[in-house]
Every structure is written in structure tokens, then in C-alpha cells.
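Reader: I would like a close look at one part of this protein, set against the whole chain. Please keep it brisk.

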Amino acid sequence: MQIKIAPSILAADFSAVGDAVKAAERGGADLIHCDVMDGSFVHPITFGAQMVESIRPLTRLPLDCHLMVEHPKTQVKQFVDAGADIITVHYEACRKISSAYLAETLELIKSFGVRCGVAVNPNVPAERVFNLFTVVDTIIFMSVYPGYGGQKFMPGTYEQLKKARAYAIEAGRPDLDISVDGGVTLENCKAIREAGANVLVAGSAVYRSPDPSKAIAELRR
Ligand code: DX5
Ligand code: ZN
């Protein structure tokens, strides 16, 4: 399984986001993770599609847009137009609208030829999204409650990952990108990978480190 490192620009200096993106690419990152927060689904507001559009010309890496927003379907087109390569929406934000909303949103993303994902909060059992394993390109298991970088990894995530990877294999999707987001460090990255994740989102571990390139290489090792 190919390991992918996805530095989150949430932890970068917002006055120099472009430099942070270029540093990630130089350091061997596989994706640029963009944490979009709307001040409603989660309390903080970070940035929207305009940021994605601005960084698009600066890197050849895929832009992995994690939408922590209410009514994500209404945002899809803007992020597609801005140059997103992967759009991930939250299970919880979709479920509270209707039982069909999540599937409709994923279909809309795919209709633009963009990869789609679903993110689930730590309190959602992995089984709840097993039916999506043949539909999406990526599943993000949140290892913290979304909203803030720099939180502590919740150990219950290991069990989620084990169940998810076992089911992905059973469902004929051994290649499914299973992503972990929140509190990933140089200390826990090995255990996270062994549990079944192949995409590591890392904000603080990369951008709060004195040497982001080295941190990316170490997370991969
Ligand atoms: C949390 C975000 C994460 C966050 C991770 O709401 O979705 O992507 O940036 O940051 P660290 O790696 O600092 O926990
Ligand atoms: Zn994220």
C-alpha cells in the first residue's frame, strides 16, 4: 500500500501559505490538505475556494479539500472551479440534511471528474460508512474532533482503522485510501500505518517542526 503524506496548511503561517505549499512539495509530500472551516459546522473560519484557487498554480500536487462545512453540496462547484483534486465532505453534515444528501453530494463531485471522500468524526463507528467503500476514493477517519489543529490523537482511531482496512479488503477495495486526520506525530505514525491507514494528514507535525521537509520524510519512514 502506497503511503501518502498530506501536510495540512492549517498549521502553516497564513501570511506565507504559498511558501508552505512549495516547501511541502520540495519535501516530498503527496497531497496538500486544505482544511476548510465555515464557523458553523465547526466553530473557526479558515478559508474557502479562493485560497485553493490561489495555491493551485504553485504546485503540481493534488489539492485535497476537507470541507468542514454545513450544506457541502452547495460548495462543490466552487471548489471544482478552484482546482480541487479531491473533495471530502463530512458524514455528519450530510446526514443531518437527509438520508440521500451524502450520496447526492458524492455523485455531484464525481460528475465533475473529481475524486470524492467522506470524513467521519471519532464517535461514528466505522461500520456506518462501510457501504461507501465502493463509492468513494478516500475515507478520512478523524482522530480528533474537527475544528482545531494541534489536538491530541484519540487512540480509539486504531480500532476504526483496523476494521476499515479489513472491510476494504473484503469489499474488493484493498487500494482504498484510508486517511487519518488529527494529532498525527512522528511517535504515533508507525502504529497508525500498522492499523491500516495509508494517508497521513499532518499539520503541526510538519509545519510546527523546524524542518518541514525532514518531518515529511520521517513520517513516511
Ligand atoms: C482538524 C483538521 C486537521 C488538522 C490537523 O479539524 O481537519 O486537518 O489540521 O492538524 P494537526 O496535525 O495539527 O492535528
Ligand atoms: Zn483536515
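With 221 residues, how does the radius of gyration of the chain stand against that of a compact globule? Then take me to helix H9 and what its buried residues pack against.

Author: A word on the source: this is a predicted model. Now the overall size. A compact globule of 221 residues would have a radius of gyration near 17 Å. The chain has 16 Å, which agrees. Along the principal axes, the C-alpha atoms fill a box of roughly 45 × 35 × 30 Å. The chain has nine helices and eight strands. Of its 221 residues, 55% count as buried. Take the contacts with a separation of 6 or more: residues 24 or more positions apart account for 65% of them.

Next, the surface. About 9600 Å² of the chain is exposed. Carbon and sulfur atoms supply 52% of that area. The chain carries 23 positive and 25 negative charges. The mean positions of the two sets are 3 Å apart.

Now helix H9. It covers residues 212-220. Three of its residues, Ala215, Ile216 and Leu219, are buried. Seen down the axis of H9, these buried residues fall within an arc of 100°, so they line one face of the helix. The general rule behind such a pattern is short. An α-helix has 3.6 residues a turn, so residues three or four places apart point the same way.

What does the buried face of H9 meet? Its buried residues pack against two strands, E1 (4-7) and E8 (199-202). They also pack against three helices: H1 (17-26), H7 (189-195) and H8 (204-207).

Follow H1 next. The buried residues of H1 are Val17, Gly18, Ala20, Val21, Ala23 and Ala24. These pack against H9, and also against E1 and H8. Strand E2 (32-37) and helix H2 (49-55) are further partners of the buried residues of H1. So E1 and H8 appear in both lists, for H9 and for H1. Just after H1 comes Gly28, with a positive phi of about 95°.

Turn to the start of the chain. Met1 is found in the segment before E1. Met1 is exposed, with a relative accessible area of 56%. Leaving aside residues up to four places away in sequence, Met1 touches Arg165, Pro174, Asp175, Leu176, Asp177 and Asn198. Glu25 lies 24 residues from Met1 in sequence. From C-alpha to C-alpha, these two are 21 Å apart.

One of the strands gives a contrast in burial. Val180 is found in strand E7 (residues 177-181). Val180 is buried, with a relative accessible area of 0%. Its contacts, not counting residues up to four places away in sequence, include Ile192, Val199, Leu200 and Val201. Others are Phe141, Ser143, Phe153, Leu161 and Ala197. Val180 and Ala84 are 96 residues apart in sequence. In space, they are 19 Å apart, C-alpha to C-alpha.

Loops come next. Gly83 sits in the loop between H3 and strand E4 (86-90). Its relative accessible area is 19%, and Gly83 counts as buried because the cut-off is under 20%. Beyond residues up to four places away in sequence, Gly83 touches Val52, Arg56 and Leu63. Ser40 is 43 residues from Gly83 in sequence and 24 Å from it in space, C-alpha to C-alpha.

His71 also has its place in a loop, the one between strand E3 (63-68) and helix H3 (76-82). At 45% relative accessibility, His71 counts as partly exposed. Its phi is near 45°, a positive value in a residue other than glycine.

Last, a helix residue. Glu104 is found in helix H5 (residues 101-111). With a relative accessible area of 38%, Glu104 is partly exposed. Lys73 is 31 residues from Glu104 in sequence. Their C-alpha atoms are 8.0 Å apart in space.

Back to your part, then. Ala215, Ile216 and Leu219 are the buried residues of H9. They line one face of the helix. That face packs against E1, H1, H7, E8 and H8.

Notes. Residues numbered from 1 in each chain as written. Chains lettered and ligands numbered in written order. Predicted model: local features only at pLDDT ≥ 70, side-chain atom pairs only at ≥ 80, totals over all residues. Heavy atoms only, no water. Buried < 20%, exposed > 50% of the residue type's maximum accessible area, 1.4 Å probe, protein only. Helix = DSSP H or I, 4+ residues; strand = E, 2+ residues; numbered from the N terminus. Arc of directions from axis to C-beta. Contact = heavy atoms within 4.5 Å. Rg over C-alpha atoms; globule rule 2.2 N^0.38 Å. Areas by Shrake-Rupley, 256 points an atom, 1.4 Å probe, with all protein chains shown as cover. Lys, Arg positive; Asp, Glu negative; His and termini not counted. Charge placed at Lys NZ, Arg CZ, Asp CG, Glu CD.
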